[in-house]
Amino acid sequence: MGGGPGGLYAAALLKRLDPARAVTVWERGAPDDTFGFGVVLSDETLGGIEHADPEVHRALTAEFVRWDDIDVVHRGRRLTSGGHGFAALGRRRLLEVLHARCRSLGVELRIRTEAPPAAELATAYDLVIAADGVHSLTRQAHADVFGPRITSHRCRYIWLAADFAFDAFRFEIAETEHGVMQLHGYPYAKDASTVIVEMREEVWRAAGLDTCDEAASVERCAKLFADALGGRPLRGNNSSWIAFRTVVNDRWSYGNTVLLGDAAHTAHFSIGSGTKLAVEDALALAACIEEQPGLPAALAAYEAERRPVVTSTQRAAAASLRWFEDLAGYVHQPPRQFAFNLLTRSRRVTHDNLRLRDSAFTEAVAADFGCPSPGTPPMFTPFRLRELTLRNRVVVSPMDMYSAENGVPGDFHLVHLGSRALGGAGLVMTEMVCVSPEGRITPGCTGLYTPEQATAWRRITDFVHRQSPGTAIGVQLGHSGRKGSTKLMWDGIDQPLDATDTETNWPLVAPSPLPYRPGVNQVPAQLDRSGLIDIREQFAASARRAVRCGFDLLELHCAHGYLLSGFLSPLTNRRTDAYGGTLARRLRFPLEVFDAVRGVWPDDKPMTVRISATDWAEGGTTEEEAVEIARAFAEHGADAIDVSTGQVVPDEAPEFGRSYQTPYADRIRNALGVPVIAVGAISSWDDVNSLLLAGRADLCALARPHLYDPHWTLHAAAEQDYSGPGAPWPPPYRAGSRKPPTGRTDGPKPRLSLHAPPGPPSPRRARPAP
């Protein structure tokens, strides 16, 4: 159902695999009806097509327009990055190739014919493939089974074409009186290019484009981007302004009906993956039907294989989509940094692979960034906060170890923090150090409320400064609030203490009397004015001890649902007095604590604040509020904002993925110009370099990678052939400063190879996907 590229290609593959099959394609439109003008296919997708159907591959490659460059035009300056390797052709020509292939194989094409409902077809056919697009009637008819979730986004865009070929993939930014607009353009024939014009909906309305018909829209867009077009006109194809819709389904199959392509999932056009995903879906579906013993197993295998790939692509597409939605926040960046930011927006293109594609461009961006010398990775560029200069941009993120006794850090903490300091990071942070016994999360949490604890911390800071000179060590002060009095993490995270534990439950306090989990955690007492003053003084007293301990930096923990975070979030602060209600009132107590700590912390030493920029829950802290929270702390003297997310309420729904929290740090940095520390599944040195060069972060904090490898930073230097002052090896370790050799590995085999038509059907054994 649906004669787009995915449906046609699935039909051709299934017929080619078994010529005895009767395969019918239903398409309600004309054979050359299509959305847009050109399509870009990656080398990966083309490789799959070549192995599965060489005839289609030959027909496509004969039509391709190829180019290597991406041009970014911003404020009159054109910057070019090469080595990218694109191949494109017209959508109509792609359909012609697939129509011809289907006919040659004996597929029945019912063009200009509305398909019967999927439920009706399912009784007459062994398999129904719903390739009926983003507005899939099949998905709608069986929404209770497929579980679709459809999200409309904040930009409007229109597909147009120009009768000349761009010489590169072109991104052009127009800063107009109505707001920022952008053009995405690429060639798809020797004399034609796709042109997409996009802008925020409020900009679209302010420009009056919401009242324009197709002809007027085409004319206005040509005038807006006259320089990019060389004064030449644009043309449409029943073109209209559209808001992109992201489609996600809980399930892709129902009985003998299966979703494919845009019916199952969509990915924003800015990463060019719609047709690619549909074609790859077709390849995988045909392969699974060929391999599996029956249809139910085949459909389950198809979804199991494709869903992780699609999820990853949708994450990248969402990052790209969001970047363009927030484009106005980046136009102030220097030209090369802006271009690098655009190129790496989806996190699919990174500093390392961009350096391999076009080293001259990447080195120029690095020089603008301030890398000390050519070839120095950005992560090994020093960074200054007040009088503290960090030798590199890597931070060992605070990680609760739950291994203290009576709040005293012991040998474990000395080895844990000391080994990570020897491992080369510029800044090593303690876990959350609690300001009172009642402010602990668990009995195993460290504190800084007794002389004995201060003495133990001094032992650790002395070790770091003596054995790893140049490494800074910071302390994070916090109070658990309503999330306290719980078991050690490995004994039951967030579970209250019981009679078998070494300590009994202690009373909890919070902004409002709301338990973390009703019926599980205890109801905290709402803090009155006297209690607020006591806690403020506890923070100040702990900060004074931190000075005597020799810490280089202090961070105030206002994230993750602990006490100060509880004041900031509307989900946990229901007060009606001066400390609740509006954001300004919710900020009042955290700012009072900040001021008290800043007042006793030395002027020459930096102070940072960790916040949860979103609660990942409806009604929680918004992105706009996160910016205002960061602004307030910066105005009170915070030297950097450590931007985390979530852990405020138990029913959160985070959008997990690689670097998934960094967009929040990015937004705060580019909205306020305040330094930020980015966190959240930053797992590779390539990610760190990419985030820094793009201007999305000033420092990158990593947690789990430092648990996996205490010497993560030194190993990152070795893997990048860097041996400068940003990552000096301790003298006893220098013999290990070169990466050990490894054995040979072989690449995976092609997913589906069908170079010759198969013989008569025979029982087949399933083989695992590579």
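Trainee: What makes the contact between the side chains of E387 and R384 a salt bridge?

Mentor: The side chains meet at 2.8 Å, N to O. A salt bridge is a side-chain nitrogen of Lys or Arg within 4 Å of a carboxyl oxygen of Asp or Glu, so the pair qualifies. E387 and R384 are both exposed (over 50% relative accessible area, 1.4 Å probe, protein chains only).

Mentor: A word on the source: this is a predicted model, where local features need pLDDT of at least 70, side-chain atom pairs count only at pLDDT 80 or more, and totals for chains, interfaces and linings use all residues. Residues are numbered from 1 along each chain as its sequence is written, and side-chain values use heavy atoms, with hydrogens and water left out.

Trainee: How many salt bridges does the rule give?

Mentor: The count is 47. Some share partners: R154, R200, E202, R322, E325, D326, E623, E624 and R667 are joined into one network.

Trainee: Why is E172 called buried or exposed?

Mentor: Buried means under 20% relative accessible area, and E172 has 9%, so E172 is buried. R170 is at 11%, so R170 is buried too. Their side chains form a salt bridge at 2.8 Å, N to O.

Trainee: And D250, buried or exposed?

Mentor: Neither. Partly exposed lies between the two cut-offs; D250 is at 45%, so that is its class. R149, at 43%, is therefore partly exposed as well.

Trainee: How do you know that D250 and R149 pair?

Mentor: Their side chains meet at 2.2 Å, N to O, in a salt bridge. The pair links distant parts of the chain, 101 residues apart. D250 sits in the loop between β13 (242-249) and β14 (253-254), while R149 is in strand β9 (residues 148-162). Strands here are DSSP runs of E, at least two residues; helices are runs of H or I, at least four; both are numbered from the N terminus.

Trainee: What describes the packing of helix α21 and helix α22?

Mentor: The axes of α21 (residues 583-600) and α22 (residues 623-635) come within 10 Å and cross at roughly 35 degrees. Axes are lines fitted to C-alpha atoms over the stretch in contact, with angles from 0 to 180 degrees between N-to-C directions.

Trainee: Which residues make the contact?

Mentor: Contact means heavy atoms within 4.5 Å. On α21 these are L583, R586, L587, P590, L591 and F594; on α22, E625, E628, I629, A632 and F633.
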